[in-house]
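Work through the exercises below with the sequence and the coordinates at hand, and try each task before reading its solution.

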Amino acid sequence: MMGAANKATCVPIAPTVAEAVIERHQLDPRAVTLITHQASQKLIDAWSARPGLSGATFLNTIKQCGNPALAGVPLTLAARGSEVTTDHLILFCLGVQQQASAVLLERQSAAATSSVSAPTTAPGP
């Protein structure tokens with residue numbers, strides 16, 4: 001169960017990190033998928049209802065795995081990453097001492113990937 005101090009931090013303050021990333025990069029939340037810390041479904045619901053995150057797609061594995069603590073984001077990315085259909089993915093984590101961090105990943109378009117050449121390696125001895 002989430003204590004009052006954690007609830008006071010996690011619900012209103014923590015998602016401001018993800019909102020700041022969306023705002024800084026001038027993204028429409030509907031073009032973003034979020035994989036977040038998943039302490040509870042109530043927490044995920046509260047974050048998804050925030051105006052700055054409204055319309056974003058939230059992926060989680062809470063029904064299958066419950067609260068996997070710090071492993072929630074990598075676990076969900078591994079289990080549900082193939083379901084990401086947006087061009088932007090935010091991995092949003094809460095760490096020890098309620099530190100929040102977010103990583104924005106952007107899908108490369110087909111045009112961008114077709115112009116990238118394969119890395120070359122030096123010939124062996």
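The exercises that follow concern one helix and a set of charged side-chain pairs in a predicted model.

**Exercise 1. Determine which residues of helix 2 are buried, and where they lie around the helix axis.**

Step 1. Helix 2 spans residues 16-24, and its buried residues are A18, E19, V21 and I22.

Step 2. Viewed down the axis of helix 2, these buried residues fall within an arc of 155°, so they line one face of the helix. The general background is that an α-helix has 3.6 residues a turn, so residues three or four places apart point the same way.

Step 3. On the face turned away from the buried side, helix 2 carries the exposed residues E23 and R24.

**Exercise 2. Identify the strands against which the buried residues of helix 2 pack, and state the sign of phi at Q26, which follows the helix.**

Step 1. The packing partners of the buried residues are strand 1 (32-36), strand 3 (88-94) and strand 4 (100-106).

Step 2. After helix 2 comes Q26, whose phi is positive, near 50°.

**Exercise 3. Examine the salt bridge between R50 and E19, and decide whether each partner is buried or exposed.**

Step 1. The side chains of R50 and E19 meet in a salt bridge with an N to O distance of 2.8 Å, which satisfies the criterion of a side-chain nitrogen within 4 Å of a carboxyl oxygen.

Step 2. This pair links distant parts of the chain, since R50 sits in the loop between helix 3 (41-48) and strand 2 (57-59) while E19 belongs to helix 2, 31 residues apart.

Step 3. The cut-off for a buried residue is under 20% relative accessible area; R50, with 18%, is therefore buried, and E19, with 15%, is buried as well.

**Exercise 4. Describe the salt bridges E83 to R80 and R107 to D87, giving the accessibility of each partner.**

Step 1. The side chains of E83 and R80 form a salt bridge at 2.7 Å, N to O. E83 counts as partly exposed at 40% relative accessibility, and R80 counts as partly exposed at 21%.

Step 2. In the salt bridge of R107 with D87, the closest N and O atoms are 3.9 Å apart. This pair also links distant parts of the chain, with R107 in the loop between strand 4 and helix 6 (110-114) and D87 in the loop between helix 5 (72-80) and strand 3, 20 residues apart.

Step 3. R107 is partly exposed, with a relative accessible area of 43%, and D87 counts as partly exposed at 47%.

Note on methods. Residues are numbered from 1 along each chain as its sequence is written. This is a predicted model: local features need pLDDT of at least 70, side-chain atom pairs count only at pLDDT 80 or more; totals for chains, interfaces and linings use all residues. Side-chain values use heavy atoms; hydrogens and water are left out. Buried means under 20% relative accessible area, exposed over 50%, partly exposed in between (1.4 Å probe, protein chains only). Helices (H or I, at least four residues) and strands (E, at least two) are DSSP runs, numbered from the N terminus. The arc is that of the directions from the helix axis to the C-beta atoms. Contact means heavy atoms within 4.5 Å.
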